[in-house]
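Let's take a walk through this protein, beginning with its main pocket and working outward from there. Keep the structure open beside you as you read.

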Amino acid sequence: MSAVDEVRTAHDNLKKKYEEYLPKVDPVLIGSLLDRQSEDASDDPIFMIEVFTKPGLDSQEVQRYIIEKTGMSPEIYDKGTHYVTNQKLNLKMLKEISDSDDVIEVTGEYTGRLGAYGPSQEHRENTEIGRATAGRGKPSGSFDQATVLSGAG
């Protein structure tokens, strides 16, 4: 087996492990997280995480759970089926999110040590849960963004 074939085989095996252990998580997110952790294992990197859930959940209860787990208040979109938070992330947290029966998909992007972004993803199978497919959506419920950003809310 050539070196190129070995690399390809190792990559294929890694993708299979991603699918086996973190089936709801975007493989690009997993790879980015692992790359960041290998660069600096002393501190969890900050990612914008987007979690798509089954419809019908109590979004306030989900919001409280996310705050309890991460210390961060999520933005809520798409009638309470799309939660976005900027938070420190590690594989244990990602596994816990992925293992939830209410979670359909997890994606996200590295945001560095500073800054925050709004949602940037659409759920890949969003027509199956009956929501609009165009645009980024609007936050559900009302909140004072200045209060959330200041940490006072």
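This is a predicted model, and a good place to start is the largest pocket, which has a lining of 22 residues. Look for Y65, I66, K69, I97 and V103: of the lining residues, these lie nearest the pocket's centre. The space inside comes to about 540 Å³. How do you find a space like that? Rolling a probe the size of a water molecule over the atoms shows where empty space is left.

Which elements build the wall? At least two lining residues each come from β1 (46-53), α3 (59-70), β3 (82-88) and α4 (91-99). Helix α3 gives the largest share, with six residues. Sorted by class, the lining holds 11 nonpolar residues, five polar ones and six charged ones.

Now turn to α4, one of the helices that supply the pocket lining. Its residues L94, I97 and S98 are buried. Looking down the axis of α4, you'd see these buried residues fall within an arc of 95°, so they line one face of the helix. The general rule behind this is that an α-helix has 3.6 residues a turn, so residues three or four places apart point the same way. And what does that buried set of α4 pack against? The partners are α2 (27-39), β1 and β4 (103-110). At the N-terminal end of α4, N90 acts as a cap, with a side-chain oxygen 3.1 Å from the backbone nitrogen of K92.

Back in α3, have a look at Q63. Is Q63 buried or exposed? Its relative accessibility is 18%, and the cut-off for buried is under 20%, so Q63 counts as buried. Setting aside neighbours within four places in sequence, Q63 is in contact with S73, P74 and I76.

Just along the chain is the loop between β1 and α3, where you'll find P55. P55 is partly exposed, at 48% relative accessible area. P55 and D78 are 23 residues apart along the chain, and 9.4 Å separates their C-alpha atoms.

Finally, zoom out to the whole protein. There are five helices and four strands, and from the N terminus on the order is α-α-β-α-β-β-α-β-α. Of the 153 residues, 33% are buried. If you take the contacts between residues at least 6 apart in sequence, 70% of them join residues at least 24 apart.

Conventions. Residues numbered from 1 in each chain as written. Predicted model: local features only at pLDDT ≥ 70, side-chain atom pairs only at ≥ 80, totals over all residues. Heavy atoms only, no water. 1 Å grid on protein atoms, 1.4 Å probe; cavity = no way out; pocket = protein on both sides within 12 Å on 5 of 7 lines; lining within 4 Å. Points joined across faces, edges and corners; volume = space filled by probe spheres on them. Nonpolar A, V, L, I, M, F, W, Y, C, P; charged D, E, K, R; others polar. Buried < 20%, exposed > 50% of the residue type's maximum accessible area, 1.4 Å probe, protein only. Arc of directions from axis to C-beta. Contact = heavy atoms within 4.5 Å. Polar contact = N/O pair within 3.5 Å; in protein donor to acceptor, adjacent residues only side chain to side chain.
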